[in-house]
Amino acid sequence: VQLQAYGGGLVQAGGSLRLSCVASGIVEVMGWHRQAPGKQRESVAILKDGDTDKYDDSVKGRFTVSRGNAKNTVTLQMNSLIPEDTGVYYCMARKRGHPATIWGQGTQVTVSS
């Protein structure tokens, strides 16, 4: 399975961006991680088939993750962006019964103050 991410860019604080990702095959879990400059990669939002979505506390109430009907796409709607949201965002996925994480290419999100 391969992942192709879309979206990202530069936005002012308080603005919105949408990230999308398409998987080339069937996956059970999809979501997004991000890596800020000088920091480790961290989970932002995860959605598993048949489960509720999970968010990092720093984005709760501002970000929404959703899966497409075909279950091979994931979208991250990011509202009320703040400069601390700046970083490279990575789409991720896991296949049912497989613990390994599949990563897409990173996409840059920059929030200016």
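# A tour from E28 outward

Start by selecting E28: at 13% relative accessibility this residue counts as buried, because buried means under 20% relative accessible area (over 50% is exposed, partly exposed is in between, using a 1.4 Å probe and protein chains only). Before you click further, know that this is a predicted model, where local features need pLDDT of at least 70, side-chain atom pairs count only at pLDDT 80 or more, and totals for chains, interfaces and linings use all residues. Residues are numbered from 1 along each chain as its sequence is written, and side-chain values use heavy atoms, with hydrogens and water left out.

**Stop 1: around E28**

E28 sits in the loop between β3 and β4; strands here are DSSP runs of E with at least two residues, numbered from the N terminus. Which residues does E28 touch? Leaving aside residues up to four places away in sequence, the list is L47, K48, D49, R67, R94, K95 and R96. Touching means contact, with heavy atoms within 4.5 Å.

Now add R96 to your selection. Its side chain meets that of E28 in a salt bridge at 3.0 Å, N to O. The term means a side-chain nitrogen of Lys or Arg within 4 Å of a carboxyl oxygen of Asp or Glu. R96 lies in the loop between β9 (87-94) and β10 (102-112), while E28 is in the loop between β3 (17-23) and β4 (29-35), so this pair ties together parts 68 residues apart in sequence. Is R96 buried or exposed? R96 counts as exposed, at 59% relative accessibility.

**Stop 2: more charged pairs**

Select D49 and R67, two of the residues that E28 touches. Their side chains form a salt bridge too, at 3.6 Å, N to O. D49 is in the loop between β5 (42-48) and β6 (54-55) and R67 is in strand β7 (residues 63-67), so the bridge links parts that are 18 residues apart in sequence. D49 counts as partly exposed at 28% relative accessibility, and R67 is buried at 14%.

Next, try K60 and D57. Their side chains meet in a salt bridge at 3.0 Å, N to O, and both residues are exposed. Then pick R34, E42, R62 and D85 together: salt bridges link these four in a network. How many salt bridges does the structure hold? There are 7.

**Stop 3: the six-strand sheet**

Switch to a cartoon view. Six strands make an open sheet with mixed pairing, in the order β2-β10-β9-β4-β5-β6. Pairing means that DSSP finds at least two bridges between two strands. β2 (9-12) and β6 stand at the edges with a single partner strand each, so one side of each has no neighbour in the sheet. Zoom in on β2 and β10, which pair in the parallel sense over 4 bridges. Here Q12 stands opposite S112 in β10.

**Stop 4: the four-strand sheet**

Finally, select β1, β3, β8 and β7. In the order β1-β3-β8-β7, these 4 strands form an open sheet with antiparallel pairing. The edge strands are β1 (3-7) and β7, each with a single partner, so each has one side without a neighbour in the sheet. Neighbouring strands of this sheet are turned by 15° against each other on average, direction ignored; axes are lines fitted to C-alpha atoms, and angles run from 0 to 180 degrees between N-to-C directions. End on β7 and strand β8 (residues 73-78), which run antiparallel and are joined by 5 bridges. Look for S66, which stands opposite T75 in β8.
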